[in-house]
Amino acid sequence: MEQEWKPSVNPWIMIIPVMLAVFIYVLDGTIGNVALPHMAGSFSATRDESMWILTSYLIAAGIVIPAVDFFSKVFGRKNFFIISILVFTIASMLCGMAKNIEFMIFARILQGFGGGGILPISQAIMLEAFPKEKRGLAMSVFGMGVILAPIIGPVLGGWITDNWSWPWIFYINVPFGCISAILSKKLVEDPPYARKQKNVKIDGKGFFYLTIWLVTLQTVLDKGNNADWFNATWVCWTFAISMAACALFFHSQLTNKNSLVDLSVFKDQNFSAGTIIQVVIQAVLYASLAILPQFLQSMMGYTAFLSGATMMPRGFGSMTAMVMTALFSNKIDNRLFVIVGLALIGGASLVFGSLNLQISNMNIAVPNYFMGLGMGLSMVPIMNLSVATLRNDQMTNATGLQNLLKNIGSAIGTSLVATMLTRFAQVHQYMLVGKMSELNPAFIERVQSTAGALMQYTEGSVAHYMAQYSQYGQLIKQSTLWAFIDSFRIFGLLCFAVIPLMLFIKKLKH
């Protein structure tokens, strides 16, 4: 039977190149976060334009992920896995060689196309290589790569950017990608149902609808804020095309015999609820990793390395969670791990939502540790629970579909958080500017004291003008601070909101 297939190689040996590929793929989702201002400067690009460097990678990977099952049948899953690693590695070199924003975005799209097959295939390989009673331990190891890599990314990216130069954050992928490809050729095995098949047909319409849906959606998310969202005609039309393509994609998958993805897995209650929870966790993870370094660099004056280094406690928290889940996943109800994990992520996000500009490093380190602990406790068990009731031959399709939605969640989280910061800052600026009035005694007192200090350097009228301008600068700073606070609070509430979904997940039988 297909479910009884076992690899001839020791599973722990076989997953070495798999985990290496997972690590470098996930790492590249966040390693550029702290280097983004440096890259934007090199390309003479705006901050909004430079965000495409992050989101184009995620969307390109999202387009490929649903086609993983098809390409695995055409080339054989092992062969397609190796091809994906090699494309990713070559694209990484091209990213480092980029001299303008257009070529960089092209290289990142190519990198996403290569990396799109890595994560779902790796997850399927690890789930199939181990017997069901050891899947919890296997998913702990897999989760270590999926969770630790995006946390280590900003630290490593900041150190490389400050000490070498930003192209090296991509060049370091090249030797590891080559090693992973070579070891995969020697160690990875395909089960009978994942080997090369003949007369395989691709769902061309489905692939076309998927591409249009994701590309137009990402365009709206990245450019909508600058165009004042739905007040711009082109945004309305682009969003309408995106939603129509989305509807056509899912309709084609339900009606087409040779569909790109098999949506029947959503009939599985564990898979459906578990996927929604993972999408939310992924969105919060990537959004928080995008804005926390920005907060520390722009508001607190941290360097790229120091802002990245603040993520280290999150990594330690995740490692603590990995040990806990590995030791107790077969002894404690995994649903309890997920609930505690989501509560910790939500609580840590709410703590970040109470920050101010007089904080110490400990005010960042402690909630970061608990957020990492929550990520580890929730992500690994929910990955195991979501596929626990599926057959082995459904794994490649299920993990592909799941990773597609997680990628979309990551891209939406990264894009929307930039909009949230801009819009919330405008709202708070509008609310605070009314306090800068000649009728406000506190404002008058502050302006007069500041002007008095400046009068020894310039004449009275100029000092008074400079004092008013100084207070306006403080208003902008406080407005931006409140925008960060509101964003973190929304992340926290979102995590608490998905906890009730755990009621729909069946208990894992040990």
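**Aromatic pairs, nonpolar cores and a buried helix**

Phe-80 counts as buried because its relative accessibility is 7%, below the 20% limit used for that class. The model described here is predicted. The partner of Phe-80 in an aromatic pair is Phe-71. A pair of aromatic rings is described by the distance of the centres and the angle of the planes. For Phe-71 and Phe-80 the centres are 5.2 Å apart and the planes differ by 25 degrees, and the pair is classed as stacked. Phe-71 itself is partly exposed, since its relative accessible area of 24% falls between the limits of 20% and 50%.

In total, 22 aromatic pairs were counted. Ring pairs also join Trp-159, Trp-164, Trp-168 and Tyr-171 into a cluster. A further arrangement involving a ring is found at Tyr-57, where the charged end of Arg-108 sits over the ring at 4.3 Å from its centre.

The largest nonpolar core comprises 134 residues. Within this core, the residues with the most contacts are Met-39, Phe-43, Met-104, Phe-142, Trp-213 and Phe-295. Helix H14, spanning residues 269–298, supplies the largest share of the core, with 15 residues. Another core, of five residues, lies apart from it and includes Val-220, Ala-227, Trp-229 and Val-235. The surroundings of Phe-43 can be given in detail. When neighbours within four places in sequence are left aside, Phe-43 is in contact with Ile-53, Ala-98, Lys-99, Asn-100, Ile-101, Met-104 and Trp-166.

Helix H8 covers residues 118–129. The distance between its end C-alpha atoms is 16 Å, which agrees with the expected span of 16 Å because its 12 residues are taken at 1.5 Å a residue. H8 is mostly covered, as 12 of its 12 residues are buried. Among these buried residues are Pro-120, Ser-122, Gln-123 and Glu-128, together with Ile-118, Leu-119 and Met-126.

Asn-397 belongs to helix H19, which runs over residues 395–433. Its relative accessible area is 8%, so Asn-397 is buried, the limit for this class being 20%. The side chain of Asn-397 reaches the backbone nitrogen of Asp-262 at 2.9 Å. Apart from neighbours within four places in sequence, the residues in contact with Asn-397 are Asp-69, Val-261, Asp-262 and Val-265. Asp-262 therefore appears both in the list of contacts and as the residue whose backbone nitrogen is reached by the side chain of the buried Asn-397.

Terms used: Residues numbered from 1 in each chain as written. Predicted model: local features only at pLDDT ≥ 70, side-chain atom pairs only at ≥ 80, totals over all residues. Heavy atoms only, no water. Helix = DSSP H or I, 4+ residues; strand = E, 2+ residues; numbered from the N terminus. Buried < 20%, exposed > 50% of the residue type's maximum accessible area, 1.4 Å probe, protein only. Polar contact = N/O pair within 3.5 Å; in protein donor to acceptor, adjacent residues only side chain to side chain. Contact = heavy atoms within 4.5 Å. Core = buried A, V, L, I, M, F, W, Y, C linked by side-chain atoms within 4.5 Å. Expected span 1.5 Å × (residues − 1). Phe/Tyr/Trp six-rings, centres within 6.5 Å; stacked < 30°, edge-to-face > 60°. Lys NZ or Arg CZ within 6 Å of the ring centre and 35° of its normal.
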